[in-house]
Amino acid sequence: MALLQIAEPGQTAAPHEHKLAAGIDLGTTNSLVASVRSGEARTLPDAQHRHLLPSVVRYTEQAIVVGHEAKVAAVDDPLNTVASAKRLIGRGVEDVKTLGERLPYDFVEGESHMPRIRTRQGDISPVEVSAEVLRVLAHRAEESLGGDLSGVVITVPAYFDDAQRQATKDAAKIAGLHVFRLLNEPTAAAVAYGLDKKSDGVHAVYDLGGGTFDISILRLRKGVFEVLATAGDSALGGDDLDRAVARWIMQQADIGDDADHKTLRRLLRDACTAKEVLSSQNEVALDIELPNGGCWQGNLDRTTFNNLVDPLIKKTLAPCRRSLRDSGLRPDEVEDVVLVGGSTRVPRVRELVGEFFAATPLVDIDPDKVVAIGAAIQADALAGNKPDDEMLLLDVNPLSLGLETMGGLVEKIIPRNTTIPVARAQEFTTFKDGQSAMAIHVLQGERELVKDCRSLARFELRGIPPMVAGAARIRVTFEVDADGLLSVTASEQSSGVKAQVEVKPSYGLTDREIETMLKDSMSHAHEDMEARKLREEQVEAERTIEALQAALAEDGERLLTADERALIEHSLEGLVRASRGRDAAMIKKAVEALEQTCGFYVERRMNAGIQQAMAGRKVEEFE
Ligand code: ADP
Ligand code: MG
């Protein structure tokens, strides 16, 4: 007997009210779109049944071509065909220059920090290139699902910083898409594997794609994911394996380094094909077209290939180690290792990763599709199709966020690897009497001193009502949203004056920079502690000096004899001298000595203050 579904008016969503949503894996090399239909997440193919869309955009005179056709044309029209927009998105001209030797484009500097690529359709930014890819995928989804998308979830590498995330959102905006949220790729993969339905435990997601590497350590507790740590290298992937093979071919076939763009592109394509064949075969035959029109033939076997790529694969183990250290875990405490990204099809990758974690990696879901599938599941939940879904996805911020405080020190507000979204507030106060403005300097990094961290933004809180030093209560709130974007608010608590800034750094940090910043913080930890102690004492000294000078100016004449004043001033000079030195202990001693010397003066001032306050009033008032 067929069952009839009965819906209470306004209660249960009828099937046709199911909101259309899609998950998009916007990859460096390939992109995919997936959606949940009849309770199952699947990637959506194009008319030719292809699921992967090469993230390649070609600008011809008449049209913009995206995908397979563009990828093929890249060999003949490299300058007008952009194949690595994700490597450039949200990055500055300076960052791009360091990548420049690998990218065969004509870069032009725009009026902003954003680099542009000169094509025959004009100067194009990486954001616009990504928008073209998104547009094609969204169109595919709408055709396939038969309606407009209410929103999408787009995945980004866990290591993407603010600028790169913002740029990705901008690309979606240009493509006319509503972004429910950005999601870290490894987190999406864990969702695809349904690790949230498993018993509590720790999982690792190892994602080696075409251009980026990410490792995430996730902990599942009561069905909720917490990302304990993420690390990676956004300039390491299958492309590097291709280059290693291409270099080997160049040596074997005697092709010089001065080969033209076209030859290089073709070589890279052949190297890539050979690499992929070697994932399922032990040997591959090569037939290479030479620049002079000739031809080179040879063989590449898996052992030789493994030797070529071993150093690159081993390079991924350093971030693995770091993420484990950050989580306070040993490799064998990780239960499952999920493999994501086309490059994890390389048998040697599986071997080394399995060895490292002492576990057999999970490979059941196609490593190309797993991220898009997880994104689709999340998009479906966010579209409101799963009101009971309690799945919470927590990501982390990769570097500490903080503020500059007196003396060029950094006060960390949100430590690195804190799960996001997160809001943290801290109170600060004014340093001087009557101070009416406060400069807020937002920083990112692990070091103790401002000069060793990265400046993200500066703004001012103005209109603080005049108060004595230390009386104002300025609350500074750092908020990192689910997409990893930071906003900072400062408000004076008694008056309510407020200032806010959304932090959008003008260009992104490269992974190397992030790594250097982390390494530096560790190797300088002791040095930094010393520096911090010194600065703290110096600030304390400065505060004491200022307060005493102000007091002397106000009532020194009235309350002190010439001898007493000379005594105090002598002690004050001692502190001034000590505070110019680099000996924290000595400064501390000088502050204490001065406080002792001034004891009687402080007492006298207090008494004078009380007398003043009581002047003209009746004694009863104080009883
Ligand atoms: P991204 O996330 O960077 O877009 P993908 O996850 O799509 O990257 O992976 C693309 C990379 O995977 C390319 O470098 C491609 O050559 C590589 N790849 C795909 N299939 C195989 C295979 N069978 N063996 C080895 N590498 C492969
Ligand atoms: Mg990927």
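In the predicted model, the largest nonpolar core comprises 49 residues, of which Y206, I215, I249, V337 and F357 touch the most other members. Helix α7 supplies the largest share of this core, with eight residues. The surroundings of V337 illustrate how segments separated along the chain are brought into contact: beyond its neighbours within four places in sequence, V337 contacts A204, Y206, V353, F357, A359, P361 and L362. Two of these partners, Y206 and F357, are themselves listed with V337 among the core members that touch the most others. A second core, separate from the one described above, contains 37 residues, including A22, V156, A171 and L177. In soluble globular proteins, nonpolar side chains tend to be buried together.

The protein as a whole contains 17 helices and 28 strands. Of its 623 residues, 52% are buried. Contacts over long stretches of sequence are frequent: when pairs at least 6 apart in sequence are considered, 66% of the contacts join residues at least 24 apart. The accessible surface amounts to about 29800 Å², and carbon and sulfur atoms account for 49% of that area.

Ligand 1 is surrounded by 18 residues, among which T29, G210, K275, E276 and S279 come nearest. Backbone atoms provide several polar contacts to the ligand. A polar backbone atom of G210 is 2.8 Å from an oxygen atom of ligand 1. For T29, a backbone N or O atom lies 2.9 Å from a ligand oxygen atom, and a backbone N or O atom of G342 is likewise placed 2.9 Å from an oxygen atom of ligand 1. The accessible area of ligand 1 on its own is 570 Å², and the protein covers 90% of it.

Two elements, α7 (238–253) and α8 (261–277), each give two or more residues to the shell around ligand 1. Helix α8 makes the greatest contribution, with three residues. Helix α7 thus appears in both settings, as a contributor to the ligand shell and as the source of the largest share of the largest nonpolar core. By residue class, the shell consists of twelve polar, four charged and two nonpolar residues. K275 and E276, both listed among the nearest residues to ligand 1, fall within the span of α8 (261–277).

Methods
Residues numbered from 1 in each chain as written. Chains lettered and ligands numbered in written order. Predicted model: local features only at pLDDT ≥ 70, side-chain atom pairs only at ≥ 80, totals over all residues. Heavy atoms only, no water. Near = heavy atom within 4 Å. Polar contact = N/O pair within 3.5 Å; in protein donor to acceptor, adjacent residues only side chain to side chain. Areas by Shrake-Rupley, 256 points an atom, 1.4 Å probe, with all protein chains shown as cover. Helix = DSSP H or I, 4+ residues; strand = E, 2+ residues; numbered from the N terminus. Nonpolar A, V, L, I, M, F, W, Y, C, P; charged D, E, K, R; others polar. Core = buried A, V, L, I, M, F, W, Y, C linked by side-chain atoms within 4.5 Å. Buried < 20%, exposed > 50% of the residue type's maximum accessible area, 1.4 Å probe, protein only. Contact = heavy atoms within 4.5 Å.
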